[in-house]
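Here are two short exercises to work through with the model open beside you. Try each task before you read its solution.

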4 protein chains.
Amino acid sequence: MVSTKKVGILGATGTVGQRFILLLANHPYFTIHALGASSRSAGKTYKTATKWKQSQPIPSHVEQLVVKPCVSSEFKECDVVFSGLDADVAGDIEMEFLKADLVVFSNAKNYRRDPVVPLMVPTVNAQHYDIIPHQRQHYGLKKGFMITNANCSTTGLVVPLKALQDAFGPMSHIVVHTQQAISGAGYPGVPSLDILDNVVPYISGEEEKMEYEVGKILGGLSKDQQGFDLLKETVVSATCTRVPVLDGHLESVSVKFVNGPPPSMDAVYDVLERYSSEADALQCPLAPQSPIIITKEADRPQPRLDRELHRGQAVSVGRVRPCPVLDIKFTLLVHNTLLGAAGSSVLNAEIAVAKGLI
Amino acid sequence: MVSTKKVGILGATGTVGQRFILLLANHPYFTIHALGASSRSAGKTYKTATKWKQSQPIPSHVEQLVVKPCVSSEFKECDVVFSGLDADVAGDIEMEFLKADLVVFSNAKNYRRDPVVPLMVPTVNAQHYDIIPHQRQHYGLKKGFMITNANCSTTGLVVPLKALQDAFGPMSHIVVHTQQAISGAGYPGVPSLDILDNVVPYISGEEEKMEYEVGKILGGLSKDQQGFDLLKETVVSATCTRVPVLDGHLESVSVKFVNGPPPSMDAVYDVLERYSSEADALQCPLAPQSPIIITKEADRPQPRLDRELHRGQAVSVGRVRPCPVLDIKFTLLVHNTLLGAAGSSVLNAEIAVAKGLI
Amino acid sequence: MVSTKKVGILGATGTVGQRFILLLANHPYFTIHALGASSRSAGKTYKTATKWKQSQPIPSHVEQLVVKPCVSSEFKECDVVFSGLDADVAGDIEMEFLKADLVVFSNAKNYRRDPVVPLMVPTVNAQHYDIIPHQRQHYGLKKGFMITNANCSTTGLVVPLKALQDAFGPMSHIVVHTQQAISGAGYPGVPSLDILDNVVPYISGEEEKMEYEVGKILGGLSKDQQGFDLLKETVVSATCTRVPVLDGHLESVSVKFVNGPPPSMDAVYDVLERYSSEADALQCPLAPQSPIIITKEADRPQPRLDRELHRGQAVSVGRVRPCPVLDIKFTLLVHNTLLGAAGSSVLNAEIAVAKGLI
Amino acid sequence: MVSTKKVGILGATGTVGQRFILLLANHPYFTIHALGASSRSAGKTYKTATKWKQSQPIPSHVEQLVVKPCVSSEFKECDVVFSGLDADVAGDIEMEFLKADLVVFSNAKNYRRDPVVPLMVPTVNAQHYDIIPHQRQHYGLKKGFMITNANCSTTGLVVPLKALQDAFGPMSHIVVHTQQAISGAGYPGVPSLDILDNVVPYISGEEEKMEYEVGKILGGLSKDQQGFDLLKETVVSATCTRVPVLDGHLESVSVKFVNGPPPSMDAVYDVLERYSSEADALQCPLAPQSPIIITKEADRPQPRLDRELHRGQAVSVGRVRPCPVLDIKFTLLVHNTLLGAAGSSVLNAEIAVAKGLI
């Protein structure tokens, strides 16, 4: 049993911030202590500052918390700070918090490519925590550190890829096509006139993120544990689209392995089904029962039916079949604001607690 | 100027049949003469037999036509018969019509793989009409023949592929991902509980159709004009999904050419933009101004905004860019019940009239 | 504490049946003992017989239950039978179960107008249970009886009306307009081509049901407790429409009271907020914390945001304001497959257990 | 035959402005001469300044027009100015144009209640043009004048009400419930997270507009033709909601007449069907064939199927039936950006041309 940690949430009024609040409202490790948002919201109660868009109500003890500005001096009592800030402000604010020796879990893209900051999917590469001693040294910190989440679509993709890589060796080519939910664009986000009876075949910057991030997450730490060895042999081609779905990103994936012959479909199913992660071994509260759920019906996974399984912390995988062009292909589903955003941060933090880093 | 031909429509009460009626109601070559549907509808007026789901009203002179059973004796005065019948009944009925020496344009899958029946997309392979003398001989016909449409998703795909193949030579690999409209499943078709706030990552039989049909359409006729030379060097990997869109299939395509180096993006855009087809040269009424429309905005083509362009007879292509895994990738949009179904049949028939085959 | 009762579910593979299974899978009073469905499903395991459309998975102990035909001999060990059967078969089957001395909770319309069968909304008229002795006598039963649910839209309407009637006396006129979710039509139910980018301003038979049912539910029992005194002074005008919403019926209501002057809006809010029901007093497990939730924001209640509150067993009411034509008007939301269907039946059964009737 | 008038369009980049452009691009009376928008757009070509959201492309001769700021000096060559400006800027700009002696057709609410400005629905109250001499005198104008459109939902409502009032005398009570399309809120307008799988039971200010505007439109001019006699005997109660529909407002209406007994349903249908308007008599190009279309199927009118009929300039009416509370009830559909906005303005202008006012 761990004693309770005080947490702060930056960007608390946004869609990711709202998910943080629901995930942390009754958490065995964490207590919501401080909420931060833009100067427009600071000074108001949370209830008046936010446009709440969740189907569960605001937890009653959070409604009356007064929102603070996003400066570290207001959060210095916090053992952990979760950030759901947008990229246009996250860069400066998160760095100011880090330099104040705070522990920061970021959902923004700004530090994902930083050479000493892990890009972490909790059920994939928790071992990247081993760089934290070097990160602290690099920034002159005693207890603070920073962990970034991956992009929501990348997050869903790397979970089965990690299982496949562990079992069948390195992959040479990956073609991935996403159908992403509107909640991924925040609020107000996607105008309804753009998405009703429509699909938008483009999300700015998304394909580049996916094509880069896979290589950092699935790569290892350097031998001296002071840097990341990005995958060199794996090339990713991503196409990202927006569909009229509330939550849940669906992805169609084709994979080619470096070494042949390609595995049988039964072997692939078996490997995916048996995959487990350190988060589970550490008995983290938000760890999914298993990181990958296999859906065997021909028309699954589907966003509306499968996104809430295992509290949105697992990735559903189905339709595993041979790919005539690469080796195998399959369909996956990830809940974009749970495992794909706030849920990853919270589980990453639970792992850090279990490892004694917080 | 051509004199007016009498046409019959089979499956007239279905979604494809309704499109046929709108396309043919004021056609310069054709006059609607007879409507056929199942025994449940036969004997009723069209207005009472159909559940009309189009946003234009039933043409007034069609409302009171009495629906006939689908037997050739009822259609023997027709110069052309368009069939929107479902595959489960199309096999027997269409063959009975053909053997009665009628001209049949089919939307069903049943005869697409027949060795003497063309699988024709009007802006792609109208030259396959050259097999008709042999087809007539094979079936012992004087004036009848049969042409099949391609699957709606295949139809959209082969238009730009044909342009690319003509310009840059044979393709070795194609990876295609579709997001298909609900009208493709007919009426009642997709239950709303399955598709609202959802995507269904599977359409029965669709991927197999696409993977086969490309090779027949883009292949040539044998030298003796008695058969089809299917493409051997081109492998297709298709993934087909259903999205909450009324009309318009969106497809994400990656292509690798047999011969390197890959063309520049400018060269690709240029080739697509300049592509023209025989249907245009023959001044067919329903031929699109150009078979391919280039959309240059980053987030286009989109189903709701682009599906009606050129009366739904062109394919919109955008987002042409290098593919890290294959050579190039792009996005296309095809109107699935116009060019992708009824519109192809009517344009195929117009070409046949222009060629003197009807 | 009550001992566990064995329950059967008829129409177990349908949408209402699926909700019954989720509500009863871990219920403190009830254990799922037998599942019944059509002869097409009988003999199969539940998992293979059903097209499961819920976002929670099938409870594992239910998956392998073998579906039975809907005959009472297969359910004679059941203490309670919940029926989600469609009206076209419910008439005969439910009567056969009742005559076999079983306890039947029906969701169909067939016996709602029966002079000895209660039409019961659990948070409104549980006192109608007082007719059960007479009903048993009428049908010659020892322990069996039948209770019917109201139509889903009626159910939402009568909860606030009951609160208003109790406080301000009888109502003379009610105008109600519904916007009903697609799940109310079952599966496959509403074709997506009918409802995407659309509203259907008609639901067969629905307006008649609402206009009748209000009078039976809000009326009392006759003095001898052998019949129902339908409201005579209250006239209802209903307009029912179908909207592209998955779950949750929204209703706009105008009310005129027999006696003036009309109450103030504050008085109305106060009465709605303080309303409580016998189900709560009896501490039934599925009773909502309060039968009515007041939403004070100008744009609430909304289906997506409010339907799950209090596990879908409460009615949300907002926008209370004067009506220029009648006296007051307001907006309400009811979860159509929870309180509006399966949830009412289960709560009705909990009340029966608490009253010692089962 | 009339000679061509030069027209200007204010708010040309918005949703209503885009509809103006499509309606005026090939108009027999009018030529698009100048486009006005906010300072952010002024100086750019129309193509770069606008986010075009229509399913027809921008007319080619409009693409390269340079957008001007909304000041009258830039529009002094225009014979007519159509304004699609938002209410927050329309007040000052439209008055500045009027005082510069220009002819202004406004879609904003700002001058709808002005005592000398008509609130005009072209197929209802074109006789209100008789106040123009007084309006010109009031503002000291020679050729300029101002006409306002009604709110989109009011527009749909008053067309059948006018027919009923003409035939059956004054109405005492009207209860109306709207289900309004998202295009009514402009672009970006309604966030998709607010409306997918949802209905919003509130539109700010909309109910008040409807309850007021009916009385001005259906009232007459004062005897001296210097003011409007608002209806005194008619009370309107409106409830307005937003639904996930692209175009087309659906309204459920109940009406009580001052004089009894209520007309038969056949009489109502007959009156609605035979209703005609001055716009038709004047042979205006955009006048609908008939102002009211009767839909006789039980489940019509529907937005997706009926909104485009008569080019969106008619109102579809169906489901006429007795109302248990008032006298009769029915359902109507109006295209909110055609007859409900830009289409009314253009038809109003056509009438002015026919009357010699322009």
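The exercises below look at one strand and then at two domains.

This is a predicted model, where local features need pLDDT of at least 70, side-chain atom pairs count only at pLDDT 80 or more, and totals for chains, interfaces and linings use all residues. Residues are numbered from 1 along each chain, chains are lettered from A, and side-chain values use heavy atoms, with hydrogens and water left out.

**Exercise 1.** Find out which strands join β14(D), and whether its faces are covered or not.

*Solution.*
- Start with the strand itself: β14 of chain D is a DSSP run of E, at least two residues long, and covers residues 328–334.
- Next, look for neighbours; strands pair if DSSP finds at least two bridges between them. Strand β11 (residues 249–257) of chain D runs antiparallel to β14(D), with seven bridges, and Glu251(D) sits opposite Leu332(D).
- β13 (residues 315–322) of chain D is also antiparallel to β14(D), with five bridges. A hairpin of five residues links β13(D) to β14(D).
- Now check the faces. Ile328(D), Phe330(D), Leu332(D) and Val334(D) on one side, and Lys329(D), Thr331(D) and Leu333(D) on the other, are all buried (under 20% relative accessible area, 1.4 Å probe, protein chains only).

**Exercise 2.** Work out how many residues of each domain of chain A are in contact with the other.

*Solution.*
- Take the bounds from an automatic or database domain assignment: domain 1 is 5–151 + 342–354 and domain 2 is 152–335.
- Count contacts (heavy atoms within 4.5 Å): 37 residues of domain 1 of chain A touch 41 of domain 2 of chain A.

Notes: Buried means under 20% relative accessible area, exposed over 50%, partly exposed in between (1.4 Å probe, protein chains only). Helices (H or I, at least four residues) and strands (E, at least two) are DSSP runs, numbered from the N terminus.
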